[in-house]
Amino acid sequence: MLFAIYDKHGVGGHWIDRFFISRCSPQAKRVDATTSTPTAVGVLNLLVSLRSNQIRMKTKAQKGEELKAGKKLLEKSQVLIFTDFSRVGTANIRKLRQQLKEVGAKYFVIKKRLLSILFKEQGIEVDTKALGTQLGTIFSESDIEKSSSPVYKFFYGLGGDSKAARQESVKKILGAYDLKKKNFIESKDVVFIGQLPSREVLLGQLFGMIAAPISSLLYILKEKSTRSTDSASSLQAGSGLS
């Protein structure tokens with residue numbers, strides 16, 4: 001649009017030159033020696049330069065919004081789980097997000113450099129550079145036991161029917177950080193915890209283990225009581241006959 005203005009109205013070129021040329025690259029400062037106005041190439045280069053500046057400004061604003069969103073999630077979280085989302089399709093990521101909602105967790109993709117800034121502000125000691133190239137962070141309001149289960153099941157399921165593929169897929173779980181205890185949890189430990197039954201199931205199993213011997217003991221006592229009663233009845237019957 002600016003080029004059209006310059007093309008129809010000679011003063012347009014001078015206006016562009018006065019306010020913008022001084023801030024552009026050398027290629028955008030090309031002027032016609034006879035008129036001292038920007039050439040067509042100069043104007044086009046100017047437009048490209050202005051567009052690039054707009055993109056950079058937009059990117060900076062987006063980074064600020066990402067940091068702001070990350071801070072809000074961090075304030076509510078107990079645990080962070082780090083994953084590698086390379087070669088994981090959009091549909092699968094959407095599926096993971098839905099599963100995480102059930103445990104009060106959210107999958108958030110933020111650049112590692114921004115994540116490092118966020119961690120530094122909050123005093124979290126995690127080396128994001130060592131966490132793979134494409135990092136997706138899970139912010140969870142639940143503890144590690146409850147949070148790791150859907151994450152493990154998701155990546156395990158991505159491997160399909162092949163045991164080797166499943167083991168490789170599970171490696172995308174890169175580790176976790178307990179915000180309350182302020183300690184990093186290794187990948188193998190997150191995987192191990194993720195394979196455990198839920199706390200409710202474990203308590204049920206424990207109750208069953210405790211209850212089983214008691215039930216057996218009660219059964220034995222009942223049988224002995226029944227036999228004693230039968231023996232006493234037999235003795236009484238025998239005494240009556242004599």
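Asp143 lies in the loop between strand 3 (135–140) and helix 6, and this is a convenient place to enter the structure, which is a predicted model. With a relative accessibility of 24%, Asp143 counts as partly exposed, because the class called buried is kept for residues under 20%. Along the sequence Asp143 stands 36 residues from Leu179, while in space the two C-alpha atoms are 9.7 Å apart.

Before going further, it helps to have the overall plan in mind. The protein has 9 helices and 5 strands, and, when read along the sequence, these follow the pattern α-α-α-β-α-β-α-β-α-α-β-β-α-α. Of its 242 residues, 30% count as buried. If one takes the contacts between residues at least 6 apart in sequence, 67% of them join residues that are at least 24 apart.

From Asp143 the reader can move on to Ile144, whose place is in helix 6. Whereas Asp143 is partly exposed, Ile144 is buried, with a relative accessible area of 7%. Leaving aside residues up to four places away in sequence, Ile144 touches Val79, Ile81, Ala176, Ile185 and Ile193. One of these partners, Ile193, is 49 residues away in sequence, yet the C-alpha atoms of Ile144 and Ile193 are 7.8 Å apart in space.

Helix 6, which spans residues 144–158, packs with helix 4 (residues 90–101) at an angle of about 155°, and the axes of the two helices are 10 Å apart. Helix 4 is therefore roughly antiparallel to helix 6, a description that applies to angles over 145 degrees. In passing helix 6, helix 4 makes a right-handed crossing. On the side of helix 4 the contact is made by Asn92, Leu96, Gln99 and Leu100, and on the side of helix 6 by Pro150, Val151, Phe154 and Leu158. Sorted by class, this contact of helix 4 with helix 6 has 6 nonpolar and 2 polar residues, and no charged ones.

Helix 6 also packs with helix 7 (residues 163–170), here at an angle of about 135° and with the axes 7 Å apart. That angle makes helix 6 oblique to helix 7, and the crossing of these two helices is right-handed. The residues that make the contact are Tyr152, Phe155, Tyr156 and Leu158 of helix 6, together with Arg166, Ser169 and Val170 of helix 7. By class, the contact of helix 6 with helix 7 has 5 nonpolar residues, 1 polar residue and 1 charged residue. Leu158 of helix 6 thus appears in the contact with helix 4 and again in the contact with helix 7.

Phe155, named in the contact with helix 7, leads on to Asp84, which is found in strand 1. At 17% relative accessibility, Asp84 counts as buried. Apart from residues up to four places away in sequence, Asp84 touches Gln134, Phe155, Lys172 and Leu174. Gln134 is 50 residues from Asp84 along the chain, and the C-alpha atoms of this pair are separated by 5.6 Å.

Helix 5 (residues 112–122) shows how buried and exposed residues can be arranged around one helix. Leu114, Leu115, Leu118 and Phe119 of helix 5 are buried, and, because they cover an arc of only 140° around the axis, they lie on the same side of the helix. An α-helix has 3.6 residues a turn, so residues three or four places apart point the same way. On the face of helix 5 turned away from its buried side are the exposed residues Arg113 and Lys120. Just after helix 5 comes Gly123, which takes a positive phi of about 70°.

Two further residues with a positive phi deserve a look, since most residues other than glycine have a negative phi. Arg87, in the loop between strand 1 (79–84) and helix 4, has a phi near 60°, a positive value in a residue other than glycine, and at 80% relative accessibility Arg87 counts as exposed. Lys182, in the loop between strand 4 (173–178) and strand 5 (183–185), has a phi near 55°, which is again a positive value in a residue other than glycine. Lys182 is exposed as well, with a relative accessible area of 57%.

How values were computed
Residues are numbered from 1 along each chain as its sequence is written. This is a predicted model: local features need pLDDT of at least 70, side-chain atom pairs count only at pLDDT 80 or more; totals for chains, interfaces and linings use all residues. Side-chain values use heavy atoms; hydrogens and water are left out. Axes are lines fitted to C-alpha atoms, for helices over the stretch in contact, and angles run from 0 to 180 degrees between N-to-C directions. Helices (H or I, at least four residues) and strands (E, at least two) are DSSP runs, numbered from the N terminus. Angles under 35 degrees count as roughly parallel, over 145 as roughly antiparallel, 65 to 115 as roughly perpendicular and the rest as oblique. A crossing is left-handed if the near helix is turned anticlockwise from the far one by less than a right angle, and right-handed if clockwise. Contact means heavy atoms within 4.5 Å. Ala, Val, Leu, Ile, Met, Phe, Trp, Tyr, Cys and Pro count as nonpolar, Asp, Glu, Lys and Arg as charged, and the others, Gly among them, as polar. Buried means under 20% relative accessible area, exposed over 50%, partly exposed in between (1.4 Å probe, protein chains only). The arc is that of the directions from the helix axis to the C-beta atoms.
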